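Student: Could you take me through one part of this model in close detail, and then set that part against the rest of the chain?

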Amino acid sequence: MPLEELKRYASQVKKLCDKEKYGDAGQLLNALKEEKITKELLESSKIGHVVNALRKGAQNAGHTEIAAQSKSLIKQWKAQMAQNADNGGTPKVQKTESSSQKREKEKEKLPVANDSSPNLGASIQPTSDPSRNKCRELLQKALMVDKDKYQPQFVSLMAAKIEEAIFTFHGCSSSDTKYRNKIRSRYSNLKDAKNPELRDSVMSGIISAEKLASMKPEEMASKQLQELRKKFTKEAINDHQMAQNEGTKTDMFTCGKCKGKECTYTQLQTRSADEPMTTFVYCMSCGNRWKFC
Ligand SMILES: [Zn+2]
């Protein structure tokens, strides 16, 4: 199959995943099953990634048949590639059987969907749900509106935390309308060029991911934000007092005030033991403190 055609297939599969129309993927999968594939084709078309994403999405959404079909297609490709490797990389007519040992060997070489969202430490687990990852990307984009203001690593951590908070808030389903609406309203408010206060409050930890997840749209957008900021700042100062100057030196964070990178951080359990730790950061250059959890 020519690469261009395969790429077209890949983008069609991806579209179905994006729209969560997993049930409509049957025909595409059947068509793909007829085709022979090589490692080069697989890698340059990214078809392996999208079919694997389809498999996961369909599985999560209860389309077990599509998930099984995707799985068998991936298996077929693995077998084909194992065989190609035996033949010095030349694509040959597909054999149905290949030793399981060879398949095991090929497993490592086969590109699979990589959902490892960038994260700092182990506080945020990457998700296996492509639509959730997409939401994280959206939020990340919104937080990046003022370019270079915050460290990308930190932004993606915050985006993941916000998404996770909204996800948890709405009964842990990314197909829930409330979840989607909430992501959408956080996204549009966060990226609002006229509302840098919201971004700053979130990035500085004055408004935690959990607080943001439960805020009403009018609280994010209007004067009410000012009132909330006052209240939350007070709470944040109280929290700060718990953090001592002692901390671990790091250049992972950028100070919002002086843009310095020489900071120390301390992690504390500020709430109940089963909730995530709060990280307090102290800028050694200007004394600025902020926190996130
Ligand atoms: Zn500073």
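Tutor: Along the chain, the donors of the zinc ion follow the spacing C-x2-C-x24-C-x2-C. In this predicted model, the donor atoms are the SG atoms of C255, C258, C283 and C286, lying 2.3 Å from the zinc ion. The angles among these 4 donor atoms run from 104 to 115 degrees, and the site is tetrahedral; for comparison, the ideal angle for four tetrahedral donors is 109.5 degrees. C255 belongs to the loop between β1 (248-250) and β2 (263-268), whereas C286 belongs to the loop between β3 (278-283) and β4 (289-292), so this pair ties together parts that are 31 residues apart in sequence. The two cysteines also differ in their cover, since C255 has 0% relative accessibility and counts as buried, while C286, with a relative accessible area of 39%, is partly exposed.

Elsewhere in the chain, links between distant parts are made by charged side chains. Helix α8 (residues 152-169) has 18 residues and reaches 25 Å from its first C-alpha to its last, close to the 26 Å expected at 1.5 Å a residue; 13 of its 18 residues are buried, which leaves the helix mostly covered. Just after α8, G171 takes a positive phi of about 65 degrees. From within α8, E163 meets R132 in a salt bridge with an N to O distance of 2.7 Å, a pair that links distant parts of the chain, as R132 lies in helix α7 (residues 130-143), 31 residues apart from E163. Both E163 and R132 are buried. R132 forms a salt bridge with E164 as well, with the closest N and O atoms 3.8 Å apart, and this pair again joins α7 to α8, across 32 residues. R132 counts as buried at 8% relative accessibility, whereas E164, at 28%, is partly exposed. Salt bridges that share partners join R132, R136, E163 and E164 into one network.

A salt bridge of another kind sits within helix α1 (residues 3-19), where D18 and K14 are 4 residues apart, about one turn of the helix. An α-helix has 3.6 residues a turn, so residues three or four places apart point the same way. The closest N and O atoms of D18 and K14 are 3.2 Å apart, and the two residues are partly exposed, D18 at 36% relative accessibility and K14 at 41%.

For the wider setting, the protein chain comes to 13 helices and 4 strands, and buried residues make up 43% of its 293 residues.

Conventions:
Residues are numbered from 1 along each chain as its sequence is written. This is a predicted model: local features need pLDDT of at least 70, side-chain atom pairs count only at pLDDT 80 or more; totals for chains, interfaces and linings use all residues. Side-chain values use heavy atoms; hydrogens and water are left out. Helices (H or I, at least four residues) and strands (E, at least two) are DSSP runs, numbered from the N terminus. Buried means under 20% relative accessible area, exposed over 50%, partly exposed in between (1.4 Å probe, protein chains only). Donors are N, O and S atoms within 2.8 Å of the metal (3.2 Å for Na, K and Ca); water is not among the atoms, so sites may look incomplete. Four donors count as tetrahedral if all angles lie between 85 and 135 degrees; four count as square planar and six as octahedral if opposite donors are over 155 degrees apart and all others between 65 and 115; anything else is irregular. The expected span of a helix is 1.5 Å times one less than its number of residues. A salt bridge is a side-chain nitrogen of Lys or Arg within 4 Å of a carboxyl oxygen of Asp or Glu.
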